[in-house]
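Hi,

Here is the model I promised to pass on. Have a look, and my notes follow below.

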Amino acid sequence: MSTKRQYKFSFGPWNISEGADPYGPPTRPPQTFDWKLGKLKELGFDAMMFHDDDVVPDLDSKSAEQMRKEAKEVKKKLDDAGILAEIVAPRLWFSPMTIDGAYTSNDAKARKFAVDRSLRCIDIAKILDCDLIVLWLAREGTYLREAKNCKRSMDFLVQAMDKMLAYDKKIRIAIEPKPNEPMDMAYIPTMGHAMAIAHMTSDPKRVGGLVETAHAFLAGLDPADEMEFAMSFGKLWSVHLNDQNGLKFDQDKPFGSNNLRSAFNQVRVLERNNFGAKGECVAFDVHSFRATKTEHMVDHLANSRKTFLKLVEKVRSFDDAAAQKLIADRNYQALDQMVIDHLLG
Ligand code: XUL
Ligand code: MN
């Protein structure tokens, strides 16, 4: 195991948020893009994640020329700050066109909108020098299963990804699975589904995955296994580390906040598979608690990074040889306690 390897860290502008929830208004003032970029740099992060309209606000109302102009302005800001664009994701879930789904809508006009918007997202990514398009398939699912047809929906998803892959031969698509929210039931709920559908596309090598800790928990799965499963296909192209307290709404808590042992295991699989060696970033898709004061509004990001780095040390100082002996002896009782003692320090 390399002890020298450095990780690259990333977050998105939406991870510095104002605290609104469905039951109440914001609790913190909005901050400008420039302020967020400044904080990202100050906190020692290397890259920023984007939705297409984080780069070009109100994207649907802008001409191609205007879109290019605004994307170039953002690229210049990133270059001046020495910050990379890690991913760009089409935000397909806000438009009135996608109320009943985007790529899998029952309405052909909505499906066309979703594909056209995804191609614009690729144009923006190219300007930012970014080859990784993330698909969080927010509204590709149902409130009631009778409303759609799974096989038809898979065909629509494959067709949409094929159009993206054909539009630009350099881009890669990372599917970010999530089992629910906003939909009751999503069509690509787990990494297994993502890997399977990747193989139905015209260029499976360019379709991989992104694991978000909270999404794996919501699917009742082990996030570390979801990550290592994708890595066994050579297809874990990013991670959204955060945390989640059981089966609730998607909480996006600071990394390690609820399930420290699971966080240790997530870092362990990233370490043992050399995650980052091909330039992959460790992204934190975390949110402040609503009660967080303005002066603490980036602490969840700094804390998640700090916890990650402490866990890297914990992984590197774990006595693997002793663990192997216990495994060979089938003494899982002792192995369990060894992990607990190690985490307790
Ligand atoms: C939603 C989520 C998104 C994606 C990017 O649960 O995690 O922020 O990561 O679209
Ligand atoms: Mn995410």
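The site of the manganese ion (ligand 2) is octahedral, with angles of 79 to 170° among its six donor atoms. Octahedral here asks for six donors with opposite ones over 155 degrees apart and all others between 65 and 115. From the protein come Glu176 (OE), Glu212 (OE), His240 (ND1) and Asp285 (OD), lying 2.0 to 2.2 Å from the ion; a donor is an N, O or S atom within 2.8 Å of the metal (3.2 Å for Na, K and Ca), with water not among the atoms. Along the chain, the donors of the ion are spaced E-x35-E-x27-H-x44-D.

Housekeeping: this is a predicted model, where local features need pLDDT of at least 70 and side-chain atom pairs pLDDT 80 or more, while totals for chains, interfaces and linings use all residues. Residues are numbered from 1 along each chain as written, chains are lettered from A and ligands numbered from 1 in the order written, and side-chain values use heavy atoms, leaving out hydrogens and water.

Now ligand 1. The residues around ligand 1 (a heavy atom within 4 Å) include Trp14, Trp93, Trp136 and His215. Its oxygen atoms have polar contacts (N or O pairs within 3.5 Å) with the side chains of Lys178 at 3.0 Å, His240 at 3.1 Å and Asp250 at 2.9 Å. Taken alone, ligand 1 exposes 290 Å², and the protein buries 92% of that (Shrake-Rupley, 1.4 Å probe).

Cheers

Notes: A polar contact is a pair of N or O atoms within 3.5 Å; within protein, one must be able to donate a hydrogen and the other to accept it, and residues adjacent in sequence count only if both atoms are side-chain atoms. Four donors count as tetrahedral if all angles lie between 85 and 135 degrees; four count as square planar and six as octahedral if opposite donors are over 155 degrees apart and all others between 65 and 115; anything else is irregular.
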